[in-house]
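Reader: Could you pick one spot in this chain and give me a close look at it? I'd like the long version, with the surroundings filled in as you go.

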Amino acid sequence: MPTYSVKGSFYARRDYWQAFSKEHDADSAEIATHWAVSEIGGCHGVKRHLIRVDSVAEITRTPAA
């Protein structure tokens, strides 16, 4: 299963956007994005419209030797 990195920011307080970066194993980038938004919303009590996703990228990992 591929791992995705989701980066963006969320509205933390007046005039301040907190950056975040989350990694998650998911079947698609859409599922990883949904998971990251859900995680930020649940932990910080932020509504979805106050979360900005800037990029979603698949992470390629090399097996340990």
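**A close look around Ser9**

Author: Let's start at Ser9, which counts as buried because its relative accessibility is 11% (buried means under 20% relative accessible area, exposed over 50%, and partly exposed in between, with a 1.4 Å probe and protein chains only). Before going further, a bit of housekeeping: this is a predicted model, local features need pLDDT of at least 70, side-chain atom pairs count only at pLDDT 80 or more, and totals for chains, interfaces and linings use all residues. Residues are numbered from 1 along each chain as its sequence is written, and side-chain values use heavy atoms, with hydrogens and water left out.

Ser9 sits in strand β1; helices (H or I, at least four residues) and strands (E, at least two) are DSSP runs, numbered from the N terminus. Setting aside neighbours within four places in sequence, Ser9 has contacts (heavy atoms within 4.5 Å) with two stretches of the chain: Trp17, Gln18, Ala19 and Phe20, and then Leu50, Ile51, Arg52 and Asp54.

Follow the second set and you reach Leu50, in the loop between α1 and β3 (51-59). Leu50 is partly exposed, at 26% relative accessible area. With neighbours up to four places away left out, Leu50 touches Ser9, Phe10, Tyr11 and Trp17. Its C-alpha lies 8.8 Å from that of Ala12, although 38 residues separate Leu50 and Ala12 along the chain.

Now for the rings in this neighbourhood. The whole structure holds 2 aromatic pairs (rings of Phe, Tyr and Trp, the last by its six-membered ring, pair if their centres lie within 6.5 Å; planes under 30 degrees apart are stacked, over 60 edge-to-face, and the rest tilted). Phe10 and Phe20 make a tilted pair, with centres 6.4 Å apart and 40 degrees between the planes. That pair ties together distant parts of the chain, as Phe10 belongs to strand β1 and Phe20 to strand β2, 10 residues apart. Both Phe10 and Phe20 are buried. Tyr11 and Trp17 form an edge-to-face pair, 5.3 Å centre to centre with 65 degrees between the planes. Tyr11 is partly exposed at 29% relative accessible area, and Trp17 is partly exposed, with a value of 29%.

The loop between β1 and β2 (16-25) holds Asp15, whose phi is near 60 degrees, a positive value in a residue other than glycine. As background, most residues other than glycine have a negative phi. Asp15 counts as exposed because its relative accessible area is 69%.

What makes up the largest nonpolar core? It has 11 residues: Tyr4, Val6, Phe10, Phe20, Ala26, Ala32, Ala36, Val37, Ile40, Val46 and Ile51 (a nonpolar core is a set of buried Ala, Val, Leu, Ile, Met, Phe, Trp, Tyr and Cys residues joined through side-chain atoms within 4.5 Å). β1 (3-13) and α1 (29-44) each give at least two residues to this core, and the largest share, 4 residues, comes from α1.

Two core members are worth a stop. Ala32, in helix α1, is buried at 0% relative accessible area. Beyond four places in sequence, Ala32 touches Tyr4, Val6, His24 and Ala26. Lys22 is 10 residues from Ala32 in sequence, and their C-alpha atoms are 9.0 Å apart. Val37, by the same kind of count, touches Arg48, Ile51 and Val53; Ile51 is also among the contacts of Ser9.

For a contrast, take His44, also in helix α1. His44 is partly exposed, at 48% relative accessibility, and its C-alpha is 21 Å from that of Tyr4, 40 residues away in sequence.

Stepping back, the chain has 1 helix and 3 strands, running β-β-α-β from the N terminus. The C-alpha trace spans about 45 × 20 × 20 Å along its principal axes. Of the 65 residues, 25% count as buried, Ser9 being one of the buried ones. Among contacts between residues at least 6 apart in sequence, 51% join residues at least 24 apart.
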